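The following exercises concern the structure shown below. Attempt each task before reading its worked solution.

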Amino acid sequence: MQNRSVATQPFDDQKPGTSGLRKKTRVFQQPNYLENFVQAIFDSLENITGQTLVLGGDGRYFNRIAIQTIIKMAAANGFGKVIIGQGGLLSTPAASHIIRKNQAYGGLVLSASHNPGGPDEDFGIKYNVSNGGPAPEKYTDAFYQRSQTISEYRIADLADVDLDTVGEQGSDGFSIEIIDPVSDYAELMQELFDFQRIRDVIGSGAITLRFDAMHAITGPYAKRIFEDLLGAAPGSVINATPLEDFGGGHPDPNLAHARELADTMFGPDAPTFGAASDGDGDRNMILGKNFFVTPSDSLAVLAANAQLIPAFKDGLPGVARSMPTSQAVDRVAKDYGMPCYETPTGWKYFGNLLDAGKIALCGEESFGTGADHVREKDGLWAVLFWLNLLAVKGEPVSNIVHEHWRKFGRDIYSRHDYEAVATDIANGIFDHLREQLPDLPGQTLDGNRVKYADEFSYQDPIDGSISRNQGIRIGFENGSRIVFRLSGTGTVGATLRIYLERYETDTDKHDQDAQQALAGMIELAKQLCEVKKRTGMGTPTVIT
């Protein structure tokens, strides 16, 4: 095996965001662009000689080509083994599990998550550390710094690898193992949930389900688990074949993009349970018959009922949520006498808490829920949790959520996204908001007195690291909140996200439409950030 060094020059835009480096596919296809970033990662890691690297992605366009390049670079940089999902496929949570099960050094996940795929759409790459979780900021900062000084990358002269045949291949002390991407993950799920009970209830007809894989990575996983192992009717999993462009769709599991599923679940012949996942399998949307469960409510319901699931029969040590996620789970934690941690957005912030055993369940409002079985959010895991819960309770989804609201109150919640805002305009909006913060506490806005107004910072309780500038919060004495954040998951400009939350204890008002219930706060938020004046956008791009 011949290794060679290739001269290169830095690109100035290789700073990873919340979950790795995401750009338009054509950016990654530039000569040396992918190679530079991968080499920057390898150069920033210590003692990689002879180590095992896990590699896979969501199957989007450029996935297979990128994998062939990374295999050759891994060989040239001294890795001893690469474990790859068949066809180059691995869901993000499955990749986390494979890293942990094989005690691998780390892994590279090729995905832009819920973003569209194709030649003119998005591609991404992120590094996961040995616990299976996304690289913390100290790693991603190092990757970026190295990318700015890189002058060469190393690559081996290897023939392209057969990615479609399961088995081990390789020579000269470097091996490549192609694995079934589904089997290990499906085995893990059977350890966590009561598959027999779920199968019995599905077999009785009490649960009928529809799962939309959105032509993304979870198709093969869902077919194996829901139809083969749990006995759901053939065809219960729709859009099950992963496609490089996700069938021309946007693989984001929300009511706007999973329209086919939403129409079914709100139609006359709706199944009792519906769900969807995203491009790389780490997000989830939960639906009952004529009923949508917000991600914040889903996290709270799962926390309140965790002991009904085999994996949590002894209870939870604690829970965590990202700062913009509603406070619904906080109310469960307080009632149960367990800690609830508030972290910045980004799954990597849950990693230390999970590793230290401080929490066993966590979630984000952006349709992400997970636990201590891996170090990523996990879409199919959340769906199985709900199925197990339905099987135990024997009640419809809507009843379970309404019962939860009666006990804990409802946090009426919505997120408004303004996408592709020019970066300088987005920064100007936040500068304007920051200027107002000192004067807001004590003011009465939209009929409610402001209790606090700040820019969220987080000190990790495990390692003491501090993450600043994580979003602007305006909290009211009645428990309501407005949160402003710039998202790091897009590839064009910036996405301004406005999160709105109002706490309601009156059961007669629990069925209010969120947009109507939050109308006053929505207008207030627009005024505070001057979004229309500064962007020209009168309405959000997406409302969830």
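**Exercise 1. Which residue of strand 21 is the bridge partner of leucine 445, and how many bridges join strand 20 to strand 21?**

Solution. The structure is a predicted model.

Step 1. Leucine 445 has asparagine 448 of strand 21 as its bridge partner.

Step 2. Strand 20 and strand 21 (residues 448–455) run antiparallel, joined by 2 bridges.

Step 3. Place the pair in its sheet. The order 20-21-24-25-26-19-27 describes an open sheet of 7 strands with antiparallel pairing. Strand 20 (444–445) is an edge strand, as is strand 27 (542–543), and each pairs on one side only.

**Exercise 2. Describe the pairing of strand 24, and determine whether its residues are buried or exposed.**

Solution.

Step 1. Begin with the partner strand 21, which is joined to strand 24 by 5 bridges and runs antiparallel to it. In this pairing, tyrosine 452 stands opposite glycine 475 of strand 24.

Step 2. Turn to strand 25, which pairs with strand 24 over 4 bridges, also in the antiparallel sense. Here isoleucine 474 has isoleucine 482 of strand 25 as its bridge partner.

Step 3. Examine the connection. The hairpin of strand 24 and strand 25 has 4 residues between the strands, and glycine 479 takes a positive phi near 95° in it.

Step 4. Consider the two faces. In a regular strand, side chains alternate between the two faces of the sheet. On one side of strand 24 are Ile472, Ile474 and Phe476, on the other Arg473 and Gly475, and all of them are buried.

Step 5. Conclude. Because 5 of the 5 residues of strand 24 are buried, the strand is largely enclosed by the rest of the structure.

Step 6. Add the helix packed on the sheet. Helix 15 (residues 423–436) lies across strand 19 (410–421), strand 21, strand 24 (472–476), strand 25 and strand 26 (494–504), and it runs at about 150° to strand 25.

**Exercise 3. Characterise the surroundings of serine 487. Is it buried or exposed?**

Solution.

Step 1. Serine 487 belongs to strand 25 (residues 481–487).

Step 2. The relative accessible area of serine 487 is 12%. The cut-off for buried is under 20%, so serine 487 is buried.

Step 3. Leaving out residues up to four places away in sequence, serine 487 touches Thr495 and Arg497. With arginine 497 there is a polar contact between the two side chains (3.3 Å).

Step 4. Compare sequence with space: serine 487 and threonine 345 are 142 residues apart in sequence, while their C-alpha atoms are 9.0 Å apart.

**Exercise 4. Which parts of the chain are tied together by the salt bridges of aspartate 282 and aspartate 411?**

Solution.

Step 1. The whole structure contains 38 salt bridges. One of them joins aspartate 282 to lysine 377, with 3.7 Å between the closest N and O atoms.

Step 2. Aspartate 282 lies in the loop between strand 12 (273–277) and strand 13 (284–288), and lysine 377 in the loop between strand 18 (368–371) and helix 13, so the pair ties together parts that are 95 residues apart in sequence. Aspartate 282 is buried at 3% relative accessibility, and lysine 377 is buried at 6%.

Step 3. Aspartate 411 and arginine 331 also form a salt bridge (2.8 Å, N to O). Since aspartate 411 lies in strand 19 and arginine 331 in helix 11 (residues 328–336), this pair ties together parts that are 80 residues apart in sequence. Aspartate 411 is buried at 2%, whereas arginine 331 is partly exposed at 21%.

Step 4. For contrast, take aspartate 263 and arginine 259, whose side chains meet in a salt bridge (3.2 Å, N to O). Both lie in helix 9 (residues 259–265), 4 residues apart, about one turn of the helix. Aspartate 263 is partly exposed at 45%, and arginine 259 is partly exposed at 43%.

**Exercise 5. How many residues has the largest nonpolar core, and which helix gives the most to it?**

Solution.

Step 1. The largest nonpolar core has 76 residues. Among those with the most contacts inside it are Met189, Phe211 and Trp381.

Step 2. Helix 13 (residues 379–393) gives the most to this core, with 11 residues.

Step 3. A second, separate core has 43 residues, including Val38 and Phe79.

How values were computed
Residues are numbered from 1 along each chain as its sequence is written. This is a predicted model: local features need pLDDT of at least 70, side-chain atom pairs count only at pLDDT 80 or more; totals for chains, interfaces and linings use all residues. Side-chain values use heavy atoms; hydrogens and water are left out. A nonpolar core is a set of buried Ala, Val, Leu, Ile, Met, Phe, Trp, Tyr and Cys residues joined through side-chain atoms within 4.5 Å. Buried means under 20% relative accessible area, exposed over 50%, partly exposed in between (1.4 Å probe, protein chains only). Contact means heavy atoms within 4.5 Å. A polar contact is a pair of N or O atoms within 3.5 Å; within protein, one must be able to donate a hydrogen and the other to accept it, and residues adjacent in sequence count only if both atoms are side-chain atoms. Two strands pair if DSSP finds at least two bridges between them. Axes are lines fitted to C-alpha atoms, for helices over the stretch in contact, and angles run from 0 to 180 degrees between N-to-C directions. A salt bridge is a side-chain nitrogen of Lys or Arg within 4 Å of a carboxyl oxygen of Asp or Glu.
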